[in-house]
Amino acid sequence: MMKLLLLRCPVCVEPLPAENDDVVLTCPNCFSDVRVDEQGVSPTAVSFTQPTKPDQVTHWLPFWVMEAQVEIQKRETQGRNKGAEKEAEEMWAKPRLLYTPAWDLPVPQARQMGSYLVVRQPNLQPLATRPREVRLTTAVVNPADAQKFLTFIVLTIEAERKDWLKDLKFQIVPRQKAELWAIPAVQTGDHRYDLLVP
């Protein structure tokens with residue numbers, strides 16, 4: 001059964017330029033962040049991150065952020081690099097913030113950017129108020145798909161260690177629901193960005 005949605009901003013009632021795969025977008029009229037799902041449209045909370053260089057921000061990129069425990073059940077390697085094995089154990093010993101890029105981004109870049117943030121664990125500080133008249137880059141990934149994509153991000157991190165990973169089994173145990181964060185960035189190329197976070 002097909003359901004038709006009235007795509008109007010729930011705040012100012014202006015039409016929304018939504019596409020079929022949009023999940024969260026910014027109203028071009030009142031700059032409210034709006035969620036689109038099977039139920040219709042509704043205002044949604046987005047945490048905007050304090051940028052390190054406010055004058056350089058060209059984009060506000062959406063990321064699903066979730067605290068979770070990555071439980072490694074099996075990790076086999078062909079190498080004998082005990083340092084890399086110890087790094088892996090220490091990294092996943094306690095819960096971490098996991099990041100999934102939520103905008104339309106090629107998979108290799110999404111894996112690279114998500115891995116970078118999971119390893120780095122930046123200190124995200126939310127702005128007290130949403131920046132005026134800025135548009136969040138439209139999010140096209142929903143929270144459920146974001147959680148599935150985290151599997152590829154963990155695999156990317158482990159495959160890049162210097163110990164010739166052969167087999168890996170793990171489980172991601174969420175500690176909280178994913179929240180949408182807008183991370184400031186400056187675009188440096190096609191699908192390439194420098195994130196302006198500490």
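This section describes a three-stranded sheet, a helix pair, a cavity and a pocket in a predicted model. Residues are numbered from 1 along each chain as its sequence is written, and side-chain values use heavy atoms, with hydrogens and water left out. In this predicted model, local features need pLDDT of at least 70 and side-chain atom pairs count only at pLDDT 80 or more, whereas totals for chains, interfaces and linings use all residues.

Three strands form an open sheet in the order β1-β2-β3, with antiparallel pairing. Helices (H or I, at least four residues) and strands (E, at least two) are DSSP runs numbered from the N terminus, and two strands pair if DSSP finds at least two bridges between them. The edges are taken by β1 (24-26) and β3 (40-43), each with a single partner strand, so one side of each is left without a neighbour in the sheet. On average, neighbouring strands of this sheet are turned by 30° against each other, direction ignored. Four bridges join β2 (residues 33-37) to β3 in the antiparallel sense, and arginine 35 has serine 42 of β3 as its bridge partner.

Helices α2 (residues 107-120) and α3 (residues 143-159) pack at an angle of about 70°, their axes lying 9 Å apart; axes are lines fitted to C-alpha atoms, for helices over the stretch in contact, and angles run from 0 to 180 degrees between N-to-C directions. Helix α2 is therefore roughly perpendicular to α3 (65 to 115 degrees). The contact (heavy atoms within 4.5 Å) includes Val107, Ala110 and Arg111 of α2 and Phe149 and Phe152 of α3. Its residues divide into eight nonpolar, three polar and one charged, where Ala, Val, Leu, Ile, Met, Phe, Trp, Tyr, Cys and Pro count as nonpolar, Asp, Glu, Lys and Arg as charged, and the others, Gly among them, as polar.

The structure holds one cavity of 30 Å³ or more. On a 1 Å grid over the protein atoms alone, a cavity is a set of points where a 1.4 Å probe fits but cannot get out, and a pocket is an open set with protein on both sides within 12 Å along at least five of seven lines; lining residues have an atom within 4 Å of a point. The largest cavity has a volume of about 40 Å³, a volume being the space filled by probe spheres set on the points. Helix α3 contributes the largest share of its lining, four residues, and the lining has eight nonpolar, two polar and no charged residues.

The largest pocket contains about 400 Å³ of space. Among its 18 lining residues, Asn20, Asp22, Val36, Asp37 and Glu38 are the closest to its centre. The pocket lining comprises nine nonpolar, two polar and seven charged residues.

Technical notes. Angles under 35 degrees count as roughly parallel, over 145 as roughly antiparallel, 65 to 115 as roughly perpendicular and the rest as oblique.
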